[in-house]
Amino acid sequence: MHGEYKVPGGKLVVVDLEVVDGVIDQFRLAGDFFLEPDDALPLIDAAVDGLPATTDAAGIAAAVRAALPEDAVLLGFTPESVGVAVRRALSRASTWREYDWEIIHEGPISPNEHLALDQVLTEEVGAGRRGPTLRIWEWDQPAVVIGSFQSLKNEVDPEGAAKYGVDVVRRISGGGAMFMDAGAIISYSLYVPTDLVQGMTFADSYAYLDEWVIEALKSLGIEAYYQPLNDISSTKGKIGGAAQKRLGTGSLLHHATMSYDMDGEKMVQVLRIGREKMSDKGTTSAAKRVDPLRSQTGLTRAEIIDRLIATFTKLYGAHEGHVTADERRRAQELVASKFATREWLERVP
């Protein structure tokens, strides 16, 4: 069995192993990481050899840590990453390059249609009718997108939303509210088989699925990094956040929103939570909490999106794609039957 795990912000961890009578056998660790002293590598191999094949990632990490000498130095990987790589091997997880990726970047549609497409395209991947896909959002009207489990009245100020003509919608994933002014943010969705994140915890999968974004931002001169659980951040402040939904059909939705040119004052007049987040940090301006991509790069939103697409394509290979007529029709039906209804919007009043 073979498993690989690219540590977010670190190096590639590669493992090969067999399972004999329910235990791990002939375990070998490799990768482009750094490890001192040299003789620590066979100690790691020996620590994993003989473990029950049912051992979870935390148990594997504990065995590796216990076997390391006190003066061992691990750079670019951790005992926990070894555990993840082993679990990925045992679960026969797939890798990015095994798939024929499609990238969709089409014209603006309504926020509710974006949310409906997220559900439809995730279902299509799970059913095997669509390959793994990256979709970049475009829209031309302001909106607030609240998480699946958020209270509408606790998150949104209806007077502020009405004042600025902001549509309020609810997505199928959890997490916090997103203020999405037209042309002011960059949002994308990944629709992937759950095999891609086999062997990982939910927390590990967030950083793993956004590693390409961190690399793209770094190529633009931004000192970006992933901050658990789901924040894309930089040394100058938070850039954005991600959310996930697993549909139980073998597919996973992972989507993220990054600020390009946030109007912080407008945001806190529409979102109640913006006021709370600032008050507990002694901050007087929301604009200071989310440092926009424009201020850090000096680039247009389109130029940043082009770099994101180019980075993804370079890393994983991809071709241009489109939403099919049937997928569009199904999404529009979902808008009418679910996403645009009061029942859905007010499912948590």
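## A tour from the edge strand to the salt bridges

Start by selecting β12, which has a covered face with Ala-224 and Tyr-226 and an uncovered face with Tyr-225 and Gln-227. In a regular strand, side chains alternate between the two faces of the sheet.

A word on what you have open: this is a predicted model, in which local features need pLDDT of at least 70 and side-chain atom pairs count only at pLDDT 80 or more, while totals for chains, interfaces and linings use all residues. Residues are numbered from 1 along each chain as its sequence is written, and side-chain values use heavy atoms, with hydrogens and water left out. Helices (H or I, at least four residues) and strands (E, at least two) are DSSP runs, numbered from the N terminus.

**Stop 1: the hairpin.** Add strand β13, residues 231-234, to your selection; β12 pairs with β13 in the antiparallel sense over 4 bridges. Two strands count as paired if DSSP finds at least two bridges between them. The two strands form a hairpin with 3 residues between them, and Gln-227 stands opposite Asp-231 in β13.

**Stop 2: the whole sheet.** Now show the 8 strands of the open sheet, in the order β12-β13-β14-β15-β11-β7-β6-β16, with mixed pairing. β12 (224-227) and β16 (318-320) are at the edges with a single partner strand each, so one side of each has no neighbour in the sheet. On average, neighbouring strands here are turned by 20° against each other, direction ignored. (Axes are lines fitted to C-alpha atoms, for helices over the stretch in contact, and angles run from 0 to 180 degrees between N-to-C directions.)

Within the sheet, pick out β11 (residues 185-193) and β15 (residues 251-259), an antiparallel pair with 9 bridges. Click Leu-190 and then its bridge partner in β15, His-254. Next select helix α7, residues 202-209, which lies across β11, β12, β14 (237-246) and β15 and runs at about 120° to β14.

**Stop 3: the cores.** A nonpolar core is a set of buried Ala, Val, Leu, Ile, Met, Phe, Trp, Tyr and Cys residues joined through side-chain atoms within 4.5 Å. Buried means under 20% relative accessible area, exposed over 50%, and partly exposed in between (1.4 Å probe, protein chains only). The largest core has 65 residues, of which Val-86, Trp-96, Trp-212, Ile-232 and Met-258 touch the most other members. Helix α3 (residues 79-90) gives the most to this core, with 6 residues.

Zoom in on Met-258: leaving out residues up to four places away in sequence, its contacts (heavy atoms within 4.5 Å) include Ile-185, Tyr-188, Ile-232 and Leu-308. Apart from the largest core lies another, of 38 residues, among them Val-125, Phe-179, Val-270 and Leu-271.

**Stop 4: the salt bridges.** With a salt bridge taken as a side-chain nitrogen of Lys or Arg within 4 Å of a carboxyl oxygen of Asp or Glu, the count comes to 18. Select Arg-330 and Glu-124, whose closest N and O atoms are 2.5 Å apart. Arg-330 is in helix α13 (residues 325-339) and Glu-124 in helix α4 (residues 111-127), so this pair ties together parts 206 residues apart in sequence. Glu-124 counts as buried, at 4% relative accessibility. Add Glu-123 and Arg-129 to see the network of salt bridges that links them with Glu-124 and Arg-330.

Finish with the salt bridge between Arg-294 and Asp-261, where the closest N and O atoms are 3.2 Å apart. Both ends are partly exposed: Arg-294 has a relative accessible area of 41% and Asp-261 one of 32%.
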